Amino acid sequence: MAISIIDQVVEQLKAMPQSLQSEVLKFTLATSKIHGTAGEKLLQFSGAIPLDDLMLIQDAINQNCEQVDLNEW
């Protein structure tokens with residue numbers, strides 16, 4: 001049976017000195033935080049894009065979505 005990624009990481013961490021283990025922990029905690037802005041803070045921008053522009057955007061999406069250009073690659 002294959003060793004899971006988590007098990008491999010744990011084995012590597014066990015072999016590291018304490019100082020490097022602390023660096024891995026700091027990195028893991030820093031990258032696991034949720035980033036972004038809460039929705040209620042964005043409500044102030046509601047209605048900022050004119051309806052005509054929104055309709056143009058919607059039309060562009062509807063025309064170009066789910067189409068594949070086989071010669072693109």
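**Figure 1. A nonpolar surface patch is formed by I49, L51, L54, M55, I57 and I61.** Together, these six side chains contribute about 560 Å² of accessible area in this predicted model. One of the patch residues, L54, is located in helix α4, which covers residues 51-64. The relative accessibility of L54 is 38%. L54 is therefore classed as partly exposed, since this class lies between the limits of 20% and 50%.

**Figure 2. The protein as a whole is built from four helices and zero strands.** Followed along the sequence, the elements occur in the pattern α-α-α-α. The C-alpha trace spans about 60 × 40 × 20 Å along its principal axes. The radius of gyration of the protein is 24 Å, whereas a compact globule of 73 residues would have a value near 11 Å.

**Figure 3. The surface of the protein amounts to about 7400 Å² of accessible area.** Carbon and sulfur atoms account for 61% of this accessible surface. Of the 73 residues in the protein, 0% are buried. The patch shown in the opening view, which includes M55 and I57, has about 560 Å² of accessible area.

**Figure 4. E11 and K14 are joined by a salt bridge.** The closest N and O atoms of the pair are 3.6 Å apart. Both residues belong to helix α1, which comprises residues 5-15. Because E11 and K14 are three residues apart in this helix, about one helical turn separates them. E11 has a relative accessibility of 47% and so counts as partly exposed. K14, at 60% relative accessibility, counts as exposed because the cut-off for that class is over 50%.

**Figure 5. E23 and K26 are joined by a salt bridge in helix α2.** In this pair, the closest N and O atoms lie 3.5 Å apart. Helix α2 runs over residues 18-31, and the two partners are three residues apart within it, about one turn of the helix. With a relative accessibility of 45%, E23 counts as partly exposed. K26 reaches 53% and therefore counts as exposed.

**Figure 6. The charged side chains of the protein comprise 4 positive and 10 negative groups.** The centres of the positive and negative sets lie 25 Å apart. A search of the whole structure identifies two salt bridges. One is the contact between E11 and K14, with a closest N to O separation of 3.6 Å. Another is the contact between E23 and K26, for which the corresponding separation is 3.5 Å.

Methods: Residues numbered from 1 in each chain as written. Predicted model: local features only at pLDDT ≥ 70, side-chain atom pairs only at ≥ 80, totals over all residues. Heavy atoms only, no water. Helix = DSSP H or I, 4+ residues; strand = E, 2+ residues; numbered from the N terminus. Rg over C-alpha atoms; globule rule 2.2 N^0.38 Å. Buried < 20%, exposed > 50% of the residue type's maximum accessible area, 1.4 Å probe, protein only. Areas by Shrake-Rupley, 256 points an atom, 1.4 Å probe, with all protein chains shown as cover. Lys, Arg positive; Asp, Glu negative; His and termini not counted. Charge placed at Lys NZ, Arg CZ, Asp CG, Glu CD. Salt bridge = Lys/Arg side-chain N within 4 Å of Asp/Glu carboxyl O. Patch = residues over 30% accessible without salt bridge, like charges linked within 9 Å, V, L, I, M, F, W, Y side chains within 5 Å.
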